[in-house]
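Here are a few exercises on a metal site and the open space around it. Have a go at each one before you read the solution.

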Amino acid sequence: MNYQLLLSKTKEKLNNEPSGHDFLHALRVLSNVDLILTNENVDIDVIKTSAIVHDLIDDKLDDTFKMSENEMDQLLHDCGLLPNQIKHVQTIIRSISYRKHQTLDSLEAKIVQDADRLDALGAIGIARTFAYGGAHNRQIVNEHNVDTGVGHFYDKLFKLKDLMNTKSGIIEAEKRTKFMHEYINELQRETNISDFRRTK
Ligand code: NI
């Protein structure tokens with residue numbers, strides 16, 4: 001398995017991605033995998049590859065940073081993955097997105113999803129939320145909190161810890177979520193907005 005090629009091609013595409021799905025996000029998801037992995041019998045190359053490329057064909061990416069499915073297939077092949085592993089990677093990265101609400105049918109998929117979700121939480125999650133907001137012309141916070149950075153904490157981020165698949169994923173997600181609550185409390189104190197939760 002040629003990880004050097006996989007990493008360099010992914011870096012080429014995602015290096016300057018501005019909305020929080022850049023190459024370093026891919027690397028953090030890859031290292032979160034180590035945090036989650038125990039001794040289960042899993043295909044580690046499928047997990048690591050999926051962690052690295054998981055955002056590359058996602059519609060949320062601007063075309064400049066996106067890879068086509070064919071390009072991705074070719075790259076995975078060039079890196080030494082077998083056809084059934086390529087298929088598994090494609091299934092994983094198409095199914096783990098929060099928006100799709102899909103039931104995951106492999107432990108590999110569950111581990112990659114947890115690894116990706118952890119990067120939406122904690123200090124890095126806070127930074128990514130506001131970077132994404134900035135890239136999509138969202139305000140930080142307002143009195144209604146509809147479609148703002150802070151609104152996103154309530155719409156999605158605070159829910160993630162209860163949606164984690166793995167034991168070590170849950171433990172780390174709880175730690176990161178606790179920190180985010182502390183951050184939100186302080187932000188509320190500083191901004192004097194009485195109810196952050198109010199939407200609509
Ligand atoms: Ni991601």
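**Exercise 1.** Work out how the donor residues of the nickel ion are spaced in sequence.

*Solution.* Start with the pattern: the donor residues of the nickel ion run H-x28-H-D-x60-D. Next, put names to it: H25 (NE2), H54 (NE2), D55 (OD) and D116 (OD) coordinate the ion at 2.1 to 2.5 Å. Donors here are N, O and S atoms within 2.8 Å of the metal (3.2 Å for Na, K and Ca), and water is not among the atoms, so sites may look incomplete. The model is a predicted one, where local features need pLDDT of at least 70, side-chain atom pairs count only at pLDDT 80 or more, and totals for chains, interfaces and linings use all residues. Residues are numbered from 1 along each chain as its sequence is written, and side-chain values use heavy atoms, with hydrogens and water left out.

**Exercise 2.** Classify the arrangement of the 4 donor atoms around the nickel ion.

*Solution.* First, take the angles: they span 82 to 163°. Then hold them against the rules: four donors are tetrahedral if all angles lie between 85 and 135 degrees, four are square planar and six octahedral if opposite donors are over 155 degrees apart and all others between 65 and 115, and anything else is irregular. The arrangement is therefore irregular.

**Exercise 3.** Decide whether H25 and H54 are buried or exposed.

*Solution.* Buried means under 20% relative accessible area, exposed over 50%, partly exposed in between (1.4 Å probe, protein chains only). H25 comes out at 1%, so H25 is buried. H54 is at 3%, so H54 is buried.
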